[in-house]
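This report describes the arrangement of strands, a helix and selected residues in one protein chain. Please examine the sequence and the structure below before reading on.

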Amino acid sequence: MLTRNLSKVALAALVALLAGCQGGVLDPKGQIGVMEKELIITATVLMLLVVVPVIIMTLYFAWKYREGRGEAYEPKWSHSTKIETVVWAIPIIIIVILGVITYKSTHALNPYKPIESEEEPITVEVVSLNWKWLFIYPDLGIATVNELAFPANVPLNFKITSAGTMNSFFIPQLGSQIYSMAGMETKLHLIADEPGTFKGISANYSGHGFTGMKFEAIATPTREDFQEWVEMVKASGEALTTERYEELVEPTEYHPVEYFGTVKDGLYFDIIWEYMGDMGRIDFYGKPEYGAQLPEGVILPQREPKSTSHEAEEASH
């Protein structure tokens, strides 16, 4: 009876755990998500090759050499070549395999690496605000808040920054979270292999409004369906000007979805520039090719060079 009850409890727990996989990283709907799921499962299985035998042997030895069992106990035994070989060889082999997998997957899943596809990618500029997400489509001249749409089977090129607190942009079913930071730009490339609506979240705690910082990522069946969505956004009539952005950047919780039919040119770069100061105009030799690029037609304000404390001291003399 006890065994039967324990079996029922174990089965119920297993079902509950598997149900929790729906909609998460173990239920991928995109190329990157599938690769990450395979990596998670492979690494877990390899590590279990060490963990499971250790647990089994620990329980077995405790039972085998329990008091009253009568098994031979040799306290002066100190070495076994066979045991030493197994104890060292298996972990080394597993570590080497994990190292090779890590090296290959690190390059294959590089978030800055564009996804190869015959379809033309869609660029989305993402700005994390307190506590909402702003999505700007620079090539389409529209923007949305807490709603992201794109066609299925079309690569997405995300450019990500923050208007304040550091956050983490994450669509679990599509894969790869990456941080958003003020004055900086990070990049992410994703693709949805099938149409659907996926949950997007902030994976980095950023204050008391963090729990409501969620959005919907909608993968439309075709480009035509996506174009209908774009026309619907454009029909909203509201413009995302600098003044409107200043209102939007104010902290809010559980912010509703908003649509902007037009967007101020270069707004995304303006947001980055706000926190970069003089660093934004330096084309130093080590600047990476994937760094934030100044949009055409955007002219940066001229700034007087700041003198150092040493120069100021010399000028005073």
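Does T220 count as buried or exposed? The sections below begin with this residue and then turn to the sheets. The model discussed here is a predicted one.

## Residue T220 in strand 10

T220 belongs to strand 10. T220 counts as buried, because its relative accessibility is 9% and the cut-off for a buried residue is under 20% relative accessible area.

The surroundings of T220 can also be listed. When residues up to four places away in sequence are not counted, T220 touches F150, P151, A152, P195, D225 and F226.

## The sheet of six strands

One open sheet consists of six strands in the order 8-5-1-2-3-12, and its pairing is mixed. Strand 8 and strand 12 (258-260) each have a single partner strand, so one side of each is left without a neighbour in the sheet. From one strand to the next, the twist averages 20°. In general, the strands of a sheet pair through backbone hydrogen bonds, in either a parallel or an antiparallel sense.

Helix 4 (residues 223-234) lies across several members of this sheet, namely strand 1 (122-129), strand 2 (132-137), strand 3 and strand 12. Relative to strand 3, helix 4 runs at about 85°.

## Strand 3 and its two partners

On one side, strand 3 pairs with strand 2 in the antiparallel sense, over four bridges. F135 has T144 of strand 3 as its bridge partner. Strand 2 and strand 3 form a hairpin with four residues between them, and G141 in the turn has a positive phi of about 70°.

Strand 3 (residues 142-145) is also joined to strand 12 by three bridges, and these two strands run antiparallel. Within this pairing, A143 is partnered by F260 of strand 12, while V145 is partnered by E258 of strand 12.

In a regular strand, side chains alternate between the two faces of the sheet. Which residues cover the faces of strand 3? I142 and T144 lie on one side and A143 and V145 on the other, and all of them are buried.

## Strand 8 at an edge

Strand 8 stands at an edge of the six-strand sheet. How many of the residues of strand 8 are buried? Five of its five residues are buried. T186, L188 and L190 are on one side, with K187 and H189 on the other.

The partner of strand 8 is strand 5 (residues 156-162), which is joined to strand 8 by five bridges in an antiparallel arrangement. F158 stands opposite L188 of strand 8.

## Residue E185 before strand 8

E185 is located in the loop between strand 7 (178-180) and strand 8 (186-190). E185 is buried yet has no salt bridge. The nearest side chain of opposite charge belongs to K187, at 4.3 Å. That distance explains the missing salt bridge, because a side-chain nitrogen of Lys or Arg has to be within 4 Å of a carboxyl oxygen of Asp or Glu.

The side chain of E185 does, however, make a polar contact with the side chain of Y268, at 3.2 Å.

## The sheet of five strands

A further open sheet is formed by five strands in the order 4-10-9-6-7, again with mixed pairing. Strand 4 (147-151) and strand 7 are its edge strands, and each pairs on one side only. The twist in this sheet averages 25° from one strand to the next.

Strand 6 is joined to strand 9 (residues 196-202) by two bridges, and the two strands run antiparallel. F169 has S202 of strand 9 as its bridge partner. Helix 4 lies across strand 4 and strand 10 (214-220), running at about 145° to strand 4.

## Residue I171 after strand 6

I171 occupies a place in the loop between strand 6 (167-170) and strand 7. I171 is buried, because its relative accessible area is 0% and a buried residue has under 20%.

Which residues are in contact with I171, leaving aside its neighbours within four places in sequence? They are L148, F198, K199, G200, F215 and A217. G200 is 29 residues from I171 along the chain, yet the C-alpha atoms of the two residues are separated by 4.4 Å.

Notes
Residues are numbered from 1 along each chain as its sequence is written. This is a predicted model: local features need pLDDT of at least 70, side-chain atom pairs count only at pLDDT 80 or more; totals for chains, interfaces and linings use all residues. Side-chain values use heavy atoms; hydrogens and water are left out. Buried means under 20% relative accessible area, exposed over 50%, partly exposed in between (1.4 Å probe, protein chains only). Lys and Arg count as positive and Asp and Glu as negative; His and the chain ends are not counted. A polar contact is a pair of N or O atoms within 3.5 Å; within protein, one must be able to donate a hydrogen and the other to accept it, and residues adjacent in sequence count only if both atoms are side-chain atoms. Contact means heavy atoms within 4.5 Å. Two strands pair if DSSP finds at least two bridges between them. Axes are lines fitted to C-alpha atoms, for helices over the stretch in contact, and angles run from 0 to 180 degrees between N-to-C directions.
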